[in-house]
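Trainee: I would like to know how the labels given to helices and strands are justified. Could we go through some of them?

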Amino acid sequence: MKSMIRKCALGAMAAAAGLALMAPAAQAAEKMKIYLSMSYIGNDWQAEAANMLKAMALHKSYADRVDLQVQVAGPNAQKQIQQINSMVQAGAKAIIVYPISPTALNGAVKNACAKGVVVVAYDSIISEPCAYNVHIDQRKWGVESAEWLVKKLGGKGKVVMVTGVPGTTVDTLRNEGAKEVFAKNPGIEVVAEANGMWSQAVARTELSKILATRNWDQVDGLWMQAGCYTANSMQSEAGIADDKLLPCAGESSNGGRIQMLPVGTEVDGANGTYRPMGAQRWSSGSQNFTGALALKLAVDKLEGKEIPALTDVAQTIVTNENVKLCQEGSWAEMKAGCNVFQPAIIPNPGWFASIYSDLTPEVGLNAALVAQPED
């Protein structure tokens with residue numbers, strides 16, 4: 001009898017040990033399955049935002065809790081709908097979305113919500129009420145950028161507009177805001193408008209088409225959702241002096257901000273038109289950290305915390321008066337106010353510099369560059 005009791009006790013101990021060995025695997029299996037659903041990816045902004053979101057998932061605060069999977073639909077609403085439906089069927093707990101349309105995804109999103117999936121859109125908006133949204137006020141971006149340009153032109157002049165990715169709320173709201181301002185100023189004439197897809201390369205192509213029918217001296221100002229760096233470069237290539245560059249209101253490319261610095265500013269790695277020019281600029285980003293912030297909010301919601309239906313992220317506006325060069329791009333430097341990076345650190349002038357937020361201390365320069373979190 002004692003022998004049998006001893007065997008039973010040993011068996012129970014072995015079973016307990018086995019369960020203990022299995023515990024880490026069980027915990028790993030309990031990670032929250034979160035998907036990133038991307039639409040259009042043909043520009044630097046999208047790549048950086050995705051990198052920062054991936055870095056957030058790898059941060060020590062989330063790595064043991066989040067299983068992040070990424071899918072890309074391209075500029076195709078129907079494909080994004082199909083992918084979202086598949087994510088739900090695959091057991092998604094949350095879906096972070098860059099939506100190609102504010103309304104086209106609503107049916108799929110409503111279905112996901114009905115099955116308990118948390119859906120958070122970043123930068124561009126989903127109008128389905130059950131979805132959460134994280135973005136800047138894009139209409140305000142359009143209004144304030146246009147107001148700056150009108151003021152620079154003294155209320156009178158010929159303006160070229162280069163817009164973004166059509167169908168997204170970002171593009172629609174920015175265009176509406178800017179045109180509202182231009183319409184209130186009868187001295188402003190929009191002489192050409194082209195779709196730039198938030199890409200420096202596309203902006204160059206579209207500006208080249210516009211310049212086939214008019215010269216630079218027939219334009220007084222530029223409003224470009226992305227492409228001010230390219231526009232300044234093209235003017236320089238055409239022999240226009242730095243102090244004669246047209247004022248440009250637009251996005252936060254690093255190259256454009258380097259060009260804003262006073263002529264003679266020492267920067268490491270400057271070359272060609274990727275150099276200080278004293279260019280007249282209004283530069284504000286759509287904030288590349290919004291995807292990473294959306295992931296944080298999704299995890300909060302899954303863990304039972306309340307999150308706002310809309311997280312309205314503040315704009316960071318950089319002009320010639322407050323542009324400030326980062327020496328290394330450290331978190332401490334960015335917190336202290338630097339907002340443009342050395343070309344030696346960022347060789348791609350089209351790279352977007354709007355990466356800092358005190359809401360996302362987990363991600364910084366390395367997150368945007370190579371999807372690695374802060375320590």
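Mentor: The crossing of α7 and α8 is right-handed. First, the ground rules: this is a predicted model, in which local features need pLDDT of at least 70 and side-chain atom pairs count only at pLDDT 80 or more, while totals for chains, interfaces and linings use all residues. Residues are numbered from 1 along each chain as its sequence is written, and side-chain values use heavy atoms, with hydrogens and water left out.

Trainee: What makes the crossing of α7 and α8 right-handed?

Mentor: A crossing has that label if the near helix is turned clockwise from the far one by less than a right angle, and is left-handed if anticlockwise. Helices here are DSSP runs of H or I with at least four residues, and strands are runs of E with at least two, numbered from the N terminus.

Trainee: Why are α7 and α8 called oblique to each other?

Mentor: The axes of α7 (residues 200-211) and α8 (residues 228-237) cross at roughly 50 degrees and come within 9 Å. Axes are lines fitted to C-alpha atoms, for helices over the stretch in contact, and angles run from 0 to 180 degrees between N-to-C directions. Under 35 degrees counts as roughly parallel, over 145 as roughly antiparallel, 65 to 115 as roughly perpendicular, and the rest as oblique. The pair α7 and α8 is therefore oblique.

Trainee: Which residues of α7 and α8 meet?

Mentor: Contact means heavy atoms within 4.5 Å. Among the residues that meet are Arg204 and Leu207 in α7, and Tyr229 and Met234 in α8.

Trainee: How do you know that β6 and β7 pair?

Mentor: Two strands pair if DSSP finds at least two bridges between them. Seven bridges join β6 (residues 157-163) to β7 (residues 188-195), so the condition is met, and the two strands run parallel. Val160 stands opposite Ala192 in β7. Towards β8 (residues 221-224), β6 has four bridges, also in the parallel sense, and Val160 stands opposite Leu222 there.

Trainee: What makes β7 an edge strand?

Mentor: The open sheet has six strands in the order β7-β6-β8-β9-β10-β12, with mixed pairing. Both β7 and β12 (317-319) pair on one side only.

Trainee: Why is the unit of β6, α6 and β7 called right-handed?

Mentor: With the strands pointing away from the viewer, a path from the first strand over the helix to the second that runs clockwise earns that name. The β-α-β unit of β6, α6 (residues 169-183) and β7 is right-handed.
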